[in-house]
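Here is a short walk through one protein model. Look at the sequence and the structure first, then read on.

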Amino acid sequence: MSTKSVIFSNPDDVIDFVKIVEKYPFDMDMKRGRYIVDAKSLLGLMNLGFDQKIELKVYEEECENLWKELDKFVAA
């Protein structure tokens, strides 16, 4: 499992993010506070809000290609 924080600035970021993660067969969850949603759920991610750090958990060890594609969303 690997974990990183991501930030979405607007709904278009969420749409782009979901298009990327849907290509991968891994299970992924996103967590902000006490809320946890499936990382492939567009509506679930929209409800987590914008301009806040959201924790992304990927339940797969070999996911370097995924992280490369998601680089623009990863929080500094």
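Start with charge. The protein chain carries 11 positive and 15 negative charges, and the mean positions of the two sets lie 4 Å apart. Keep in mind that this model is predicted.

Now trace the fold. The protein chain has three helices and four strands. Along the sequence they follow the pattern β-α-β-β-α-β-α. A strand therefore opens the series and a helix ends it, as that pattern shows.

Next comes overall size. The C-alpha atoms of the protein chain fill a box of roughly 30 × 25 × 25 Å along the principal axes. The radius of gyration is 11 Å, which agrees with the value near 11 Å for a compact globule of 76 residues.

How are the contacts spread along the sequence? Among contacts in the protein chain with a separation of 6 or more, 67% join residues 24 or more positions apart. Buried residues make up 37% of the 76 residues. As for the surface, the protein chain exposes about 4700 Å². Carbon and sulfur atoms supply 48% of that area.

Finally, zoom in on one residue. S2 sits in strand β1, which covers residues 2-6. Which residues does S2 touch, leaving aside its neighbours within four places in sequence? They are L56, K57, V58, E60, C63 and W67. With W67 there is also a polar contact: the side chains of S2 and W67 make it at 3.1 Å.

Note on methods: Residues are numbered from 1 along each chain as its sequence is written. This is a predicted model: local features need pLDDT of at least 70, side-chain atom pairs count only at pLDDT 80 or more; totals for chains, interfaces and linings use all residues. Side-chain values use heavy atoms; hydrogens and water are left out. Helices (H or I, at least four residues) and strands (E, at least two) are DSSP runs, numbered from the N terminus. The radius of gyration is taken over C-alpha atoms; the globule rule is 2.2 Å times the number of residues to the power 0.38. Buried means under 20% relative accessible area, exposed over 50%, partly exposed in between (1.4 Å probe, protein chains only). Contact means heavy atoms within 4.5 Å. Accessible areas come from the Shrake-Rupley method with a 1.4 Å probe; for residues, only the protein chains shown count as cover. Lys and Arg count as positive and Asp and Glu as negative; His and the chain ends are not counted. The place of a charge is taken as NZ of Lys, CZ of Arg, CG of Asp or CD of Glu. A polar contact is a pair of N or O atoms within 3.5 Å; within protein, one must be able to donate a hydrogen and the other to accept it, and residues adjacent in sequence count only if both atoms are side-chain atoms.
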